[in-house]
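Welcome! Please open the structure in your viewer and get ready to click along, one stop at a time.

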Amino acid sequence: MVRTLRMTKLVFDVGGTALRCARWNNGRLDARAAAESPGVAQRDADDDETRVRAVTERLTALGREVAGGTEVSELGLAFPGPVGSDGSVRQAPTLWGRELARPVQLADRLGAAFDGARVVLVNDVTAAGYRYADELRDFCIVTVSSGIGNKLFFAGDVEVGPQHRGGEIGHWRIDDRADAPPCECGGRGHLGAIASGRSTPWHLQQLRAGAPELAAGSRLPAAATNHDLVAAFRAGDELARAVVERAAAALGQALALLHVGVGVERFVVYGGFAQALGDGYLDALRTAAAAHAWGEPSDWHARIRAGAADDDSGLIGMGVLLDRGSDRR
Ligand SMILES: [Zn+2]
């Protein structure tokens, strides 16, 4: 008698607030589970091994829950930080706070926990890009959430350069002033500090000081959250619009540079901040990009599009990558 073993493929999206896992089954996600990321508050207090083990153990438990006793043959992990050419990870500010003293082979550790299952580990923005790679082939994926990140794809594959340092426009320094806002990497005036969802308080402070007439007419509370900002922006509040336009102006410049620098013609924009703000944000981005590049401003309408209106790009892209049989890490 021939017994067919059910071989399960699992995909993970590792985030600073949540760890998510799903089963990848015939080109779609079916079973799912999520868990809280290990304590954000104490992550800087723990030693490296404790921090790494906390993540590995939670991912293992989550994977076992989703696999439900079936044999796991492959795992795909979308990781919120740079992944070295040897598959090692070291930095993930949203997950681990300060950098680890030494690179860690996270893929090997997770593979060992699942009896030697094959593990593909990639950066989370890279993973999200693979969701669109078969359709778009040549494009740039851009995430706008609590940080900014990008990855360039050519002929359906990501290109990050020989040292795997590409796709980090969030750390491009665009404000040289000594009092420019600090970036989570420790730098100052980086795009991620000026154009992401994290930039709202800084823009509000600048605008309230420099444009009191806007502030006077605004219904935004003094300590406005991004939730407040989105609601006010959608309701036509002028101060909220100015905040969004300033954030979009900085990123639009970067997209214009990518376009004139390497000729990329399509940008897929996703991430919590961009998705919450909606079409009005994309229009501000198009206007800013057009102002910093040559050619017809209207071309930018087709160039910049929104990603799918869900939070699944990392999981789905990871599944696509597993199905390709790639050993990419
Ligand atoms: Zn930075």
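This tour visits a metal site, two cores, a pocket and a pair of loops. Keep in mind that the model is predicted.

**Stop 1: the zinc site**

Select the zinc ion and show the side chains of His171, Cys183, Cys185 and His190, which coordinate the ion. The two histidines bind through ND1 and the two cysteines through SG, at 2.0 to 2.3 Å. Along the chain, these donors follow the spacing H-x11-C-x1-C-x4-H. What arrangement do the 4 donor atoms make around the zinc ion? They subtend angles of 99 to 121°, so the arrangement is tetrahedral.

Stay here a moment and look at two of the ligands. Are Cys183 and His190 buried or exposed? Buried means under 20% relative accessible area. Cys183 has 10% relative accessibility, so this cysteine counts as buried. His190, with a relative accessible area of 11%, is buried too.

**Stop 2: the nonpolar cores**

Next, select Leu251 and Tyr281, the residues with the most contacts inside the largest nonpolar core, a set of 46 residues. Now colour helix H9, residues 238-262: this helix gives the most to that core, with 12 residues.

Which residues does Leu251 touch, leaving aside its neighbours within four places in sequence? Show Val142, Val144, Ile148, Ile169, Leu191, Ala195, Tyr281 and Leu285, and you will have the set in contact with Leu251.

Then move to a second, separate core, which has 30 residues. Leu10, Val14, Val72 and Leu95 are among them, so to speak your signposts.

**Stop 3: the second largest pocket**

Keep Val72 selected, since this residue also appears in the lining of the second largest pocket. The pocket holds about 170 Å³ of space. Others to show in the lining include Met7, Arg64, Phe114 and Asp115. Helix H1 (48-67) and strand S4 (71-79) each give two or more residues to the lining. Strand S4 provides the largest share, 3 residues.

**Stop 4: two loops with a twist in phi**

Finish with the backbone. Most residues other than glycine have a negative phi. Select Ala155, in the loop between strand S7 (148-154) and strand S8 (157-159). Ala155 is not a glycine, yet its phi is positive, about 50°.

Now go to His164, in the loop between S8 and helix H5 (191-195). His164 also has a positive phi, near 55°. Its relative accessible area is 24%, so His164 is partly exposed.

Definitions and conventions: Residues numbered from 1 in each chain as written. Predicted model: local features only at pLDDT ≥ 70, side-chain atom pairs only at ≥ 80, totals over all residues. Heavy atoms only, no water. Core = buried A, V, L, I, M, F, W, Y, C linked by side-chain atoms within 4.5 Å. Buried < 20%, exposed > 50% of the residue type's maximum accessible area, 1.4 Å probe, protein only. Helix = DSSP H or I, 4+ residues; strand = E, 2+ residues; numbered from the N terminus. Contact = heavy atoms within 4.5 Å. Donors = N, O, S within 2.8 Å, 3.2 Å for Na, K, Ca; no water. Tetrahedral: all angles 85-135°; square planar, octahedral: opposite > 155°, others 65-115°. 1 Å grid on protein atoms, 1.4 Å probe; cavity = no way out; pocket = protein on both sides within 12 Å on 5 of 7 lines; lining within 4 Å. Points joined across faces, edges and corners; volume = space filled by probe spheres on them.
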